[in-house]
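The following exercises are to be worked with the sequence and the coordinates at hand. Each task is followed by a stepwise solution.

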Amino acid sequence: MDAFAAVARARSFRGAAYVRGVSASSLSDAVRRLEARLGVRLLNRSTRSVTPTEAGTRLLERLGPALADVASALDVVHATDDSPAGMLRLNVPSIAAQQILPPLLSRFLQAYPRIRAEVVAEDTFIDVLAAGFDAGIRYEERLQGDMIAVPIGPRTQRFVVAGAPAWFAAHGRPQHPRDLDPAHCIGYRFASGLTPSWELERDGQIIRVPPAGRVITSTFEIGLHAAIDGLGLIASFEDFLRPALEAGQLEAVLADWCPPFSGPSLYYPSRRQMPAPLRAFVDFIRAQSE
């Protein structure tokens, strides 16, 4: 069942084998044995893709929490009070993977040498437990009500609107959000295909600007370099833009329309038996906060 879940999530025998450190043929044999025992096909296989059947999808939804509980039980067996062991699986947005998680994760793994980490950076919103992750990082408005949330990283953040000095010299500096031409705004596209509007707020008034500039990207660095090179304005996390702002490559505008908001949280499902690596990571994050 664990082999089936790994292949179904990876949509590939080879990809699942690489992550698990086993051969693709061993996973294929395990899935065939499971299908034979159940008397139902769980995966549709072709030369290009592997996808769960309807029965496989239903099984995967139920297996996620069950396999997580099994992993937790095994962690307890292998761990001691002062030396937890096992795999910590995290799902995080790409900006957190770049700006927040690296130094924390490095210090954590140095403190717990028997723990391994698997981090998947993506900007889609998923059920972390059903997808086989122990925890995720999200912002307050994206948290599900039945999750436990522990602040991680900065307590407050904010977006800023910025552009290159040469761009402002050529086009002028906007004094109000209505001065922003969508054709001059660099956009960020999520994996879902959504390109969210910029939201600027002051005194309860919200103005949305749909970016439609020359550059639309799903990579923060592409947007940053486009702004530095004078291809348009960018709206992004102040922490991400700070090096360019301090170097004079970018200048911020509309500061009074960019209020702070709550920083991200590590979130995980409430359950009786937490995996030992997750418990250690939660305790580590709380100690760092203190």
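## Exercises on a predicted model

Three bridges connect strand β5 (residues 135-138) with β16, and the two strands run antiparallel. The model is a predicted one, and its protein chain contains 10 helices and 16 strands.

**Exercise 1. Determine which strands pair with β16, and whether the residues of β16 are buried or exposed.**

Solution.

Step 1. Begin with the β5 side, where I137 stands opposite L266 of β16.

Step 2. Turn to strand β6 (residues 147-151), which pairs with β16 through five bridges, again in the antiparallel sense. Here I148 has Y268 as its bridge partner in β16.

Step 3. Sort the side chains by direction. S265, Y267 and P269 point one way, while L266 and Y268 point the other way. This can be set beside a general rule: in a regular strand, side chains alternate between the two faces of the sheet.

Step 4. Apply the cut-off for burial, which is under 20% relative accessible area. Five of the five residues of β16 (residues 265-269) are buried, so the strand is largely enclosed by the rest of the structure.

**Exercise 2. Describe helix α10 and identify which residues F281 contacts outside its sequence neighbourhood.**

Solution.

Step 1. Check the geometry. Helix α10 (residues 276-289) has 14 residues and reaches 20 Å from its first C-alpha to its last, close to the 20 Å expected at 1.5 Å a residue.

Step 2. List the buried positions of α10: A276, P277, L278, A280, F281, V282, F284 and I285.

Step 3. Place the helix in the nonpolar interior. The largest nonpolar core has 40 residues, and L90, F108, I152, L241, L250, L266 and F281 have the most contacts inside it. Six residues of this core come from α10, which is the largest share.

Step 4. Examine F281. With neighbours within four places in sequence left aside, F281 is in contact with L88, L90, L101, F108, I152 and L266. L266 of β16 is thus also among the contacts of F281.

Step 5. Note that another core, of 18 residues, lies apart from the largest one, with V7, A17, L42 and L67 among its members.

**Exercise 3. State the strand order of the open sheet that contains β8, and locate the helix lying across it.**

Solution.

Step 1. Three strands make up this open sheet, in the order β13-β8-β14, with antiparallel pairing. β13 (234-237) and β14 stand at the edges with a single partner strand each, so one side of each has no neighbour in the sheet. On average, neighbouring strands of the sheet are turned by 50 degrees against each other, direction ignored.

Step 2. Inspect one pair. Strand β8 (residues 159-163) is joined to β13 by four bridges, and V160 stands opposite S236 in β13.

Step 3. Add helix α9 (residues 238-246), which lies across β8, β13 and β14 and runs at about 115 degrees to β13.

**Exercise 4. For D203 and L254, find the loop in which each lies and decide whether each is buried or exposed.**

Solution.

Step 1. D203 lies in the loop between β10 (198-202) and β11 (205-209). Its phi is near 55 degrees, a positive value in a residue other than glycine. At 79% relative accessibility, D203 counts as exposed.

Step 2. L254 lies in the loop between β14 (251-253) and β15 (261-262). L254 has a positive phi of about 55 degrees although it is not a glycine. At 6% relative accessibility, L254 counts as buried.

Definitions and conventions:
Residues are numbered from 1 along each chain as its sequence is written. This is a predicted model: local features need pLDDT of at least 70, side-chain atom pairs count only at pLDDT 80 or more; totals for chains, interfaces and linings use all residues. Side-chain values use heavy atoms; hydrogens and water are left out. Buried means under 20% relative accessible area, exposed over 50%, partly exposed in between (1.4 Å probe, protein chains only). Two strands pair if DSSP finds at least two bridges between them. The expected span of a helix is 1.5 Å times one less than its number of residues. A nonpolar core is a set of buried Ala, Val, Leu, Ile, Met, Phe, Trp, Tyr and Cys residues joined through side-chain atoms within 4.5 Å. Contact means heavy atoms within 4.5 Å. Axes are lines fitted to C-alpha atoms, for helices over the stretch in contact, and angles run from 0 to 180 degrees between N-to-C directions.
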